[in-house]
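Visitor: I would like a close look at a single part of this model. Please take one residue as the starting point and work outward from there.

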Amino acid sequence: MSATPHRVVIIGGGAGGLELAVRLGRRFGRDQVTLVDRTPSHIWKPSLHEAAAGTLDIHREGLSYAMLGQHNGFRFVLGAFSALDRAAQRVTIAALNDASGAEVLPERQLPYDTLVLAVGSHGNFFNTPGAERFALSLDSTASAEQFRVELLKAVARADAKAVDGKAATVQVVIVGGGATGVELAAELHEAGQTLSDYGSSRPDRQAELRMTLIEGGPRVLGPLPERVAVAATQLLTERGVAIHTQCRVSEVRRDAVIAGDKVFPADLVVWAAGIKAPAFLATLGLAVTPLNQLVVDGQLRTEDPAIFAFGDCAAAPWEGGSKTVPPRAQAAHQQSSYLYGLLRDRMQGRPMSGKPFRFRDFGSLVSIGHSEGVGSLMGGLSGPKMQVEGWIARIMYASSHWSHYVTVLGLWHALLRGLARTLNRRSQPRVKLH
C-alpha cells in the first residue's frame, strides 16, 4: 500500500455507490473512503413502486448510511453536493438545514484523490406542459412517500363523497409503459384491493382504484422481447388496468392528462416516461450527453483522470457495439464490482488494469405484484432468449434484491433482516395506512 493514504470520495448512495463504498471501506477503512448522500438512509431503488403503493414501508425498509458505514468501515457525510473544484481536487457539500430552515450542519469541503460520481437519475418530463408541476416521478424515497400519502388522501376524499350503493373511484394515470410504469400499475392493483378490504367507511361506499397506463410506443416494455410485453399486457388487463399505446401525452393538468384528442381524468398522475441525469452534472466542465449523463471511457473514467462515474448518471460504452450501457440496477452492480478492482489497484499505488468494463446482460425481470397467480417476466438474455413467469420469475426477481442486501449487510445480517421482514408482514397491515 502507498505511504500516503489515497482518499476516495463517492457521491451518491444508490445501489452501485453504496456497494462500492462497502467493498472499499472493508478493505481500506474510513480514513480513505467517504460516501456522500443527501438522505440519511438507503432503499433499493427498484422497490420504490412498492413504497409508492404502500405495500412496502420505507421507514422499516430503509438502511441507515451511518450504520452501514460503521459496520463496513467507510465514512458517511450527510448533505447535498454543491460544487466541485477540479484544480484543488475538492468537493463542497451544502449546509444541512432542518424543516424550519435552521442550520444543522455547516457547508463542508472534502478533499479527494479519486472522485466517483454515482448520483443516479430522475424523471425526464420532456418539457411537457404541466408535467413537472402536476405529475410525480418515482425517482426517490421522498417522491414515493409523497405519492403514497396523496393516494391515501385521494381515497379518503372519494370515500367521503361516494353515494350509498355506488363505489367511488380514484383515477390514477401512469404515463410510461416501461418497467416502472408496469410494476407500479400491478402494485397499485393489489394495494387498491387491500385498501378496499380494510375500508375507511361503510362497505357500500369504499373507494376503488382505476389505473390507466399510457405508452407512446406501440407496446409496453418496449426494450424487452415482444412475447414478454404481450404477457405483461395480458396480466395487467386481467387486473383491470386500461392500457393505451401509440398515445403521446401533450399536457398534464391538475385533474386530467391530455393526449391528442383524448382526455384521461386523473386524481393522481405518475410520470414514468423516461429518465435523465441531474442537471448539475452539465456544470462541472466535463463532457455530457443531451440527457446530462457524464461521458466516460471503457474504464468508467471521465475526461478528468481523477473523476469516475457510473450507473444511470454515466454514458458508458457497451463493448462490441455503438450503444451505451442501459440504466439498470444490474449494470450499476456490475460496474461497482469492476470499479472496486480498478480503484483497489489505484489506492495501493499499482498500475490500473487496462481491461475495459464489459456489461453482461442477464435479462430483465418485471414484477407484476405479489399475490397468488400474479407472475413476473424475464426476457432479453444474452445468448438464447427465454421467458419465465409465475412463482419462478418472482423468486428470481426477489433474488436480485436479496443479493444487494447480502453485499451491503453480509449474509447473516441479511438473513436476520429477511426473517424480521417476514414476521413484520404478518403482524402489520398489508398496506401502510398512515
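Guide: Glutamate 19 counts as buried, at 2% relative accessibility. The model is a predicted one. Glutamate 19 is found in helix 1. Neighbours within four places in sequence aside, the contacts of glutamate 19 are His333, Ser336, His404, Thr407 and Val408.

Helix 1, residues 15–28, also meets helix 4, residues 65–72: their axes come within 9 Å and cross at roughly 30 degrees. Angles under 35 degrees count as roughly parallel, so helix 1 is roughly parallel to helix 4. On the side of helix 1 the contact is made by Leu18, Val22, Gly25 and Arg26, and on the side of helix 4 by Tyr65, Leu68 and Asn72. By class, the residues of this contact are four nonpolar, two polar and one charged.

Helix 9 spans 329–347, and the loops on either side of helix 9 hold the two members of an aromatic pair. Five aromatic pairs are counted in the model. In one of them, tryptophan 318 and phenylalanine 359 are edge-to-face, with 5.1 Å centre to centre and 70 degrees between the planes. Tryptophan 318 lies in the loop between strand 23 (314–315) and helix 9, and phenylalanine 359 in the loop between helix 9 and strand 24 (364–367), so the pair ties together parts that are 41 residues apart in sequence. Phenylalanine 359 is buried, with a relative accessible area of 5%, whereas tryptophan 318 is partly exposed at 24%. The cut-off for buried is under 20% relative accessible area, which is why tryptophan 318, at 24%, is placed in the partly exposed class.

How values were computed
Residues numbered from 1 in each chain as written. Predicted model: local features only at pLDDT ≥ 70, side-chain atom pairs only at ≥ 80, totals over all residues. Heavy atoms only, no water. Axes fitted to C-alpha atoms, helices over the stretch in contact; angles between N-to-C directions. Helix = DSSP H or I, 4+ residues; strand = E, 2+ residues; numbered from the N terminus. Parallel < 35°, antiparallel > 145°, perpendicular 65-115°, else oblique. Contact = heavy atoms within 4.5 Å. Nonpolar A, V, L, I, M, F, W, Y, C, P; charged D, E, K, R; others polar. Phe/Tyr/Trp six-rings, centres within 6.5 Å; stacked < 30°, edge-to-face > 60°. Buried < 20%, exposed > 50% of the residue type's maximum accessible area, 1.4 Å probe, protein only.
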